[in-house]
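Me: I would like a close look at one part of this model. Please keep the sentences short and work outward from a single residue.

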Amino acid sequence: MPEVEGVSHRRVGARGMTFHVAEAGAGGDVVVLLHGFPQHWYEWRHLIPVLAADHRVIAIDLRGHGWSDAPERGYAKEEMAGDVLAVMDELGLGRVKLIGHDWGGWIGFMLCLSAPERFERFLALNVVHPWPRFLIALPHLWRFWYQQVIMAPGLGYLGLRTGRFTRLLLRLGVHDHTVWDRATLDSFTGSFAEPARARAGVRLYRTFTLHEFVPVVRGRYKRRRLTVPTRLVFGTRDAYLSHKVLGGYEPYADDLDIVLVPECGHFIADERPDLVAGQAKTFFT
């Protein structure tokens, strides 16, 4: 377990599983942090101390990641959103502010659509909203090449277990490669050395590609309206998602604005923590 000054850890039982939660800060409004792939709570190592000065900060390891349980099933993103609500209930959290990156950002959208009364504001980082326009997104689908590798029988599992492929994804996902040190890369890649977690990573993407992708592009969420005030902050040098597909949300969101960050890659909380902290401070005030 990596360490961040002022952060404590606990296990929370919910939905028949055990989830790892990292906490900091003693008072103020609650901010819940949801990491992306292939990371865990430590993605927020730079942001937690800044937010904890004025908030109680809760960073949850999602199902199959970090130090949370990695069951064989349940990797549909709406199911994982249910995990987050269950953990919030166990912690006695009412209405919170939310930050999510990558899959944590997508799950954040699911949460704000299904339980808007639980979320005061939502800061999404380098993720596409739930209303993509397929014809505009089509030229950029090649960026999902890594998902095909992860889903490939045997190959994805081996790549995650050895850490070689996850290390490659992390390095390709930043514009400034100096942001990674060996210990941080080892922390993220090492969590998948356990067989159950490597299988969880494969299932995460197989579930998306085989069961979720087509319904999304066919308009699964077009009957759902985003009422939670949301800001989407997006590094334009993202190797896996293109900022050019971010339009089209206007008919489905009451209050969503987009902030583009030049010369920044996918792992924006690692690469530009100062900017993310500033966006959080101004947006949550």
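Is Phe19 buried or exposed? Please go on from there to the hairpin and to the contacts around this residue.

Reply: A caution comes first: this is a predicted model.

Phe19 is buried, because its relative accessible area is 2%. The cut-off for buried is under 20%. Phe19 sits in strand 2.

Start with the strand pairing. Strand 1 covers residues 8–14, and strand 2 covers residues 17–24. The two run antiparallel, joined by seven bridges. Within this pairing, Phe19 of strand 2 has Val12 opposite. In a regular strand, side chains alternate between the two faces of the sheet.

Now the contacts of Phe19. Residues up to four places away in sequence are left out of this list. Phe19 touches Arg10, Arg11, Val12 and Ala14, among others. Its contacts also include Asp61, Arg63, Ser68, Asp83 and Val87. Val87 is 68 residues from Phe19 in sequence. In space, their C-alpha atoms are 7.6 Å apart.

Next, the turn. The hairpin of strand 1 and strand 2 has two residues between the strands. Arg15 in this hairpin takes a positive phi near 55 degrees. Arg15 is partly exposed, with a relative accessibility of 44%.

The side chain of Arg15 also reaches a partner. Arg15 and Glu79 form a salt bridge, 3.5 Å from N to O. Arg15 belongs to the loop between strand 1 and strand 2, while Glu79 belongs to helix 2 (residues 77–90), so the pair ties together parts 64 residues apart in sequence. Glu79 is partly exposed too, at a relative accessible area of 33%.

Follow helix 2 to another salt bridge. Lys77 pairs with Glu212, and the closest N and O atoms are 2.7 Å apart. Lys77 lies in helix 2 and Glu212 in helix 9 (residues 195–217), so this pair ties together parts 135 residues apart in sequence. Lys77 is buried, with a relative accessible area of 0%. Glu212 is buried as well, at 9% relative accessibility. Back at the hairpin, salt bridges with shared partners join Arg15, Arg63, Glu79 and Asp83 into one network. Two members of that network, Arg63 and Asp83, are also among the contacts of Phe19.

Strand 2 has a further partner to show. Arg56 is in strand 4 (residues 56–60). Its side chain makes a polar contact of 3.1 Å with that of Glu23. Strand 2 spans residues 17–24. Arg56 and Ala24 are 32 residues apart along the chain, yet their C-alpha atoms are separated by 6.0 Å. Arg56 is partly exposed, with a relative accessible area of 22%.

The contacts of Arg56, again without neighbours within four places in sequence, take in several stretches. Among them are Arg10, Glu23, Ala24 and Gly25. Others are Gly27, Gly28, Asp29, Val30, Val31 and Leu93. Arg10 is thus a contact of Arg56 and also a contact of Phe19.

Asp29 leads on to a further salt bridge. Lys97 forms a salt bridge with Asp29, with the closest N and O atoms 3.2 Å apart. Lys97 is in strand 5 (residues 96–101), and Asp29 is in the loop between strand 2 and strand 3 (30–34). The pair links distant parts of the chain, 68 residues apart. Their exposure can be set side by side. Lys97 is buried, with a relative accessible area of 3%, whereas Asp29 is partly exposed at 41% relative accessibility. A search of the whole structure finds 20 salt bridges.

To recap the part you asked about: Phe19 is buried. Val12 stands opposite in the strand pairing. Arg15 takes the positive phi in the hairpin and meets Glu79 in a salt bridge. Glu23 makes a side-chain polar contact with Arg56.

Definitions and conventions:
Residues numbered from 1 in each chain as written. Predicted model: local features only at pLDDT ≥ 70, side-chain atom pairs only at ≥ 80, totals over all residues. Heavy atoms only, no water. Pairing = 2+ DSSP bridges. Helix = DSSP H or I, 4+ residues; strand = E, 2+ residues; numbered from the N terminus. Buried < 20%, exposed > 50% of the residue type's maximum accessible area, 1.4 Å probe, protein only. Contact = heavy atoms within 4.5 Å. Polar contact = N/O pair within 3.5 Å; in protein donor to acceptor, adjacent residues only side chain to side chain. Salt bridge = Lys/Arg side-chain N within 4 Å of Asp/Glu carboxyl O.
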